[in-house]
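Reader: Hello! I am new to this structure and would love a close look at one part of its surface. Could you walk me through the nonpolar patch, please?

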Amino acid sequence: MNTLTILALSWQHILIVAILLVLLFGGKKIPELMRGVGSGIKEFKDAVKEEDKPGSENNKSASNNNNSSSN
């Protein structure tokens with residue numbers, strides 16, 4: 001059996017999940033929940049971008065250690 005067909009969701013499955021979310025959390029709580037998820041994803045992306053920069057913290061701390069030892 002193909003694993004992609006197992007993971008495929010039809011519009012009926014998505015509708016059932018949406019209805020369950022509304023029943024469990026209520027209509028007012030869902031936007032707050034999604035806002036929190038979105039801000040968490042944004043913070044994660046920003047942290048990954050900071051780490052990938054060539055002039056990141058690791059390079060700066062190494063240059064600071066070299067300067068302090070020469071003084």
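Author: Happy to help; here is the setting first, and then the patch itself.

Please keep in mind that this is a predicted model. The protein has 4 helices and 0 strands, so following the chain from its N terminus you meet the order α-α-α-α. Across the protein the pLDDT averages 77, and 68% of the residues score at least 70. Confidence is highest in helix H3, residues 29-52, with a mean of 91, and lowest in helix H4, residues 57-70, with a mean of 52. Where pLDDT is low, the coordinates should not be read in detail.

Now for the surface. Of the 71 residues, 1% count as buried. The protein exposes about 6700 Å², and carbon and sulfur atoms supply 63% of that area.

On this surface lies your nonpolar patch, formed by Val17, Leu21, Leu24, Phe25, Leu33, Met34, Val37 and Ile41. Together these residues have about 740 Å² of accessible area. The elements that give two or more residues to the patch are helix H2, which spans 11-25, and helix H3.

Let us pause at one member, Met34, which is found in helix H3. Is Met34 buried, exposed or partly exposed? Its relative accessibility is 48%. Buried would mean under 20% and exposed over 50%, with partly exposed in between; therefore Met34 counts as partly exposed.

Note on methods: Residues numbered from 1 in each chain as written. Predicted model: local features only at pLDDT ≥ 70, side-chain atom pairs only at ≥ 80, totals over all residues. Heavy atoms only, no water. pLDDT = per-residue confidence, 0-100. Patch = residues over 30% accessible without salt bridge, like charges linked within 9 Å, V, L, I, M, F, W, Y side chains within 5 Å. Areas by Shrake-Rupley, 256 points an atom, 1.4 Å probe, with all protein chains shown as cover. Salt bridge = Lys/Arg side-chain N within 4 Å of Asp/Glu carboxyl O. Buried < 20%, exposed > 50% of the residue type's maximum accessible area, 1.4 Å probe, protein only.
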